[in-house]
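Work through the exercises below with the model open beside you. Each task is followed by a solution in steps.

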Amino acid sequence: MAIKKRMVGIVGVGHVGAHVAFNLGMMGIADEVLLCDLKESKVTSEVQDLNDAVMYMPNHVIYKASDYAGLKDCDVIVNAVGDITLCASGSRDGELENSVKQVADYVPKVMAAGFHGLFVSITNPCDVVANLIARKSGLPKGHVMGTGTLLDSSRLIHAISGQTGLDSRGFTAFMLGEHGNSQIVPWSQMTFYGKPLSEMESDPKFRFDKEEIRERTIKGGWVTYS
């Protein structure tokens, strides 16, 4: 019996999409990665560059260029379209018009080709775009996911680790809400080695400026952007 290939498609191979493609190979997640972008020369460039790096990856993976219809057999499509320069105002909503236009154009084409896998959307504004993909694709509940505050949660843990000196793998913390300026930190849900923060604050090591941590987390994306 033939073993099914694990196929992942990436739509939008700018800074984020290209990093996703590289890490899919380095982590051994996919057997075949299909890249799709409005700018064909960018796809050609990234496909060659990634295939040149395959010999240094832990598992064999093939990178290919694709059009929208060619993504129909993918298990997962990662939506990474966007134009980061549109966020110069300091709000991820700056990408809204451009993101919506691109997603509304290509998702129906992918679905018409017969795609029935999962969508993972990174594009900003993350929550709005993920909802749009869900509506445009008509896929069942749970088949379209936005990365949401996943990255923000990582930024939160990084900030706390920097203040406390603790290994970031030794505690649990996360952000809630939109991937934007209104997100919040549920401090009551934070645990250090299984114990809630409220039980650890008698130790000076676990006392930190919560407001500063929150601000650093929310604004972390703009440090990266600059």
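**Exercise 1.** At roughly what angle do the axes of helix α3 and helix α4 cross?

Solution. The model is a predicted one.
- Step 1: Locate helix α3 at residues 96–112 and helix α4 at residues 126–137.
- Step 2: Their axes cross at roughly 25 degrees and come within 9 Å.
- Step 3: Angles under 35 degrees count as roughly parallel, so α3 is roughly parallel to α4.
- Step 4: The contact involves residues of both helices, among them Val-100, Val-103 and Val-107 of α3 and Val-129, Leu-132 and Ile-133 of α4.
- Step 5: The crossing of α3 and α4 is right-handed.

**Exercise 2.** Compare the expected span of helix α1 with the distance between its end C-alpha atoms.

Solution.
- Step 1: Helix α1, residues 15–26, has twelve residues.
- Step 2: At 1.5 Å a residue, α1 should span 16 Å.
- Step 3: The end C-alpha atoms of α1 are 17 Å apart, which agrees.

**Exercise 3.** Which residues of α2 are buried, and which are exposed on the other side?

Solution.
- Step 1: Val-43, Glu-46, Val-47, Leu-50 and Ala-53 are the buried residues of α2.
- Step 2: These residues cover an arc of only 130 degrees around the axis, so they lie on the same side of α2.
- Step 3: The general reason is that an α-helix has 3.6 residues a turn, so residues three or four places apart point the same way.
- Step 4: Thr-44, Gln-48 and Asp-52 are exposed on the other side of α2.
- Step 5: The cover over the buried residues of α2 includes α1, β2 and β3.

Technical notes: Residues numbered from 1 in each chain as written. Predicted model: local features only at pLDDT ≥ 70, side-chain atom pairs only at ≥ 80, totals over all residues. Heavy atoms only, no water. Helix = DSSP H or I, 4+ residues; strand = E, 2+ residues; numbered from the N terminus. Expected span 1.5 Å × (residues − 1). Axes fitted to C-alpha atoms, helices over the stretch in contact; angles between N-to-C directions. Parallel < 35°, antiparallel > 145°, perpendicular 65-115°, else oblique. Left-handed = near helix turned anticlockwise from the far one by under 90°. Contact = heavy atoms within 4.5 Å. Buried < 20%, exposed > 50% of the residue type's maximum accessible area, 1.4 Å probe, protein only. Arc of directions from axis to C-beta.
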